[in-house]
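Please walk through the enclosed spaces inside this protein, looking at which parts of the chain surround them and what kinds of residues face inward.

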Amino acid sequence: MDEGFPAEADGAEVYDHHGAAAPRGADHVVRSSSAEGRFGRLFRTLPPLRSTDAELGTLAVKMVAPAGQASSPEGDNPAIPSGYTYLGQFVDHDITFDPASVLERDNDPDALSTFRTPRFDLDSLYGGGRRQTPFLYDEEDPAKLLVGTNTGPHTDPADLPRNQQGRALIGDPRNDVHVIVAQLHLAFVRFHNAVVDHLRGRFFPGPELEDEARRLTCWHYQWIVLNDFLRRLVGPDVLDEVLVRDPRTGGLRADLRFYSWRRKPWVPVEFSAAAYRFGHSMVRSDYVLNRELEPIAMFSPAMTPHPLQHLGGFRPLPEKWTLDWSFFFPLAPTPPQPSRKIDTHLAPPLHHLPTSVDGPRRSLALLNLLRGRALQLPSGQAVAAAMGTSVPDAELGVGPGETPLYFWLLKEAEVVGEGLRLGPTGGRIVAEVLVGMLEGDPSSFLRKAPAWRPELPAATPGDFTMADLLRFAGVAG
């Protein structure tokens, strides 16, 4: 299951006994900040919260939205358009990937290596490069990535490249899990290709064209992660404490209090199994894709391979389903459809997952709580106290007793952030890890050119947003 976003419909057996068996190796989770490419802990000395199945089950039931409020506009978050929910999923796929079984990953983080580099380098897009993964590249123009063309009578023509069974040929199969993230992946493919054309127009030397296009694509993407996505998510006050500008050089640098490493950045379990799972609460029950279609459900109970009743992926893009990105990002005078608030209430379909996602058809909230227990996460109160960001239990409406970190952070966002952004604890964890990963990447703009500013055409020169990326890629007006 992704860190923070809709579960992947790729086999029910993956989630059988999720968290029920004794977590192999969890007593020896890496607790040193010298971990390289492995999942470790931010707060190594905090004791794990011990919760029973009954306690977690009761808490998961509380995460069901009250009748009549599940689709109420009062639950919308106008501060974060719905596209950022899935940009967050795309970011997650860029920094974490492990080909081992999901159950093994969840239950044994000490044996877990993230085969996806914890960097914002778009290796989910580029794979191993043209020599190692040539199927991702256009033979007729090797500097470009391949764009697929559907040939079926009931499919839209432009799509991700696919094999004869409809599976996308991309660097990370998780980006084909549903229509929205698949179309976002395609937008990034087209963005890279537009950068290639842009550089050719400037007579950039041929032998260096591919490398320069990748660098320029990655740096603009990194800027978006920090200044468009993360700023919306945690708020400017938190981000400006973590990402500061040096008055002497004018460059940006990270100011980290809790996330550190000796050699290479690593992924904290407090981030992956709790703080970054905020995205589940932002998921809408259904989405409007464009002006021609009625709203389409994210999940349907059956999730059969080729129906038009849900947004499930691993299939060619159905006819007329090409996304109008103005429904997802601020591209037009009319506001896009918003995400749902960051709070403790998940959309109804996420409380009764399809069998293709979870065999027993359990609640995604319950699965997240069970995973937190399997990874021996501390309580939300303990983490907040360690960070000096504690909010009284009475103010949050939690307790008596300690609360699972995942639920506590959502409650903090609901109360302190008014559901519009993460609270001070969750926001600080997410900001430090994402900014820290970028600082730890020797090829990032934050390391190589901290005073760099975006150079591609944009609505505001020197800035770059998702709206600018989509326009430059030629997929939005």
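Helix H5, which spans residues 179-201, gives the most to the lining of the second largest cavity, contributing three residues. In this predicted model, that cavity holds about 70 Å³ of space, and the residues around it come from several stretches of the sequence, among them Asp159, Arg162, Asp176 and His178, together with Val179, Ala182 and Gln183. Gly313, Arg315, Pro316, Leu317 and Pro318 also belong to this lining. When the lining residues of the second largest cavity are sorted by character, five are nonpolar, three are polar and four are charged.

The largest cavity, with a volume of about 110 Å³, has a lining that divides into eight nonpolar residues, three polar ones and one charged one. Helix H10 (364-374) and helix H13 (405-415) each supply at least two residues of that lining, and the largest share, four residues, comes from H10. Asn368, Leu369, Gly372 and Arg373 are among the residues that line the largest cavity, as are Leu405 and Tyr406. The lining further includes Leu49, Ser51 and Leu56, along with Leu377, Pro378 and Pro404.

These two spaces belong to a longer list, since the count of cavities of 30 Å³ or more comes to five. For a reader following the structure on screen, the lining of the largest cavity can be picked out from helices H10 and H13, while that of the second largest can be approached from helix H5.

Note on methods. Residues are numbered from 1 along each chain as its sequence is written. This is a predicted model: local features need pLDDT of at least 70, side-chain atom pairs count only at pLDDT 80 or more; totals for chains, interfaces and linings use all residues. Side-chain values use heavy atoms; hydrogens and water are left out. On a 1 Å grid over the protein atoms alone, a cavity is a set of points where a 1.4 Å probe fits but cannot get out, and a pocket is an open set with protein on both sides within 12 Å along at least five of seven lines; lining residues have an atom within 4 Å of a point. Grid points are joined across faces, edges and corners, and a volume is the space filled by probe spheres set on the points. Ala, Val, Leu, Ile, Met, Phe, Trp, Tyr, Cys and Pro count as nonpolar, Asp, Glu, Lys and Arg as charged, and the others, Gly among them, as polar.
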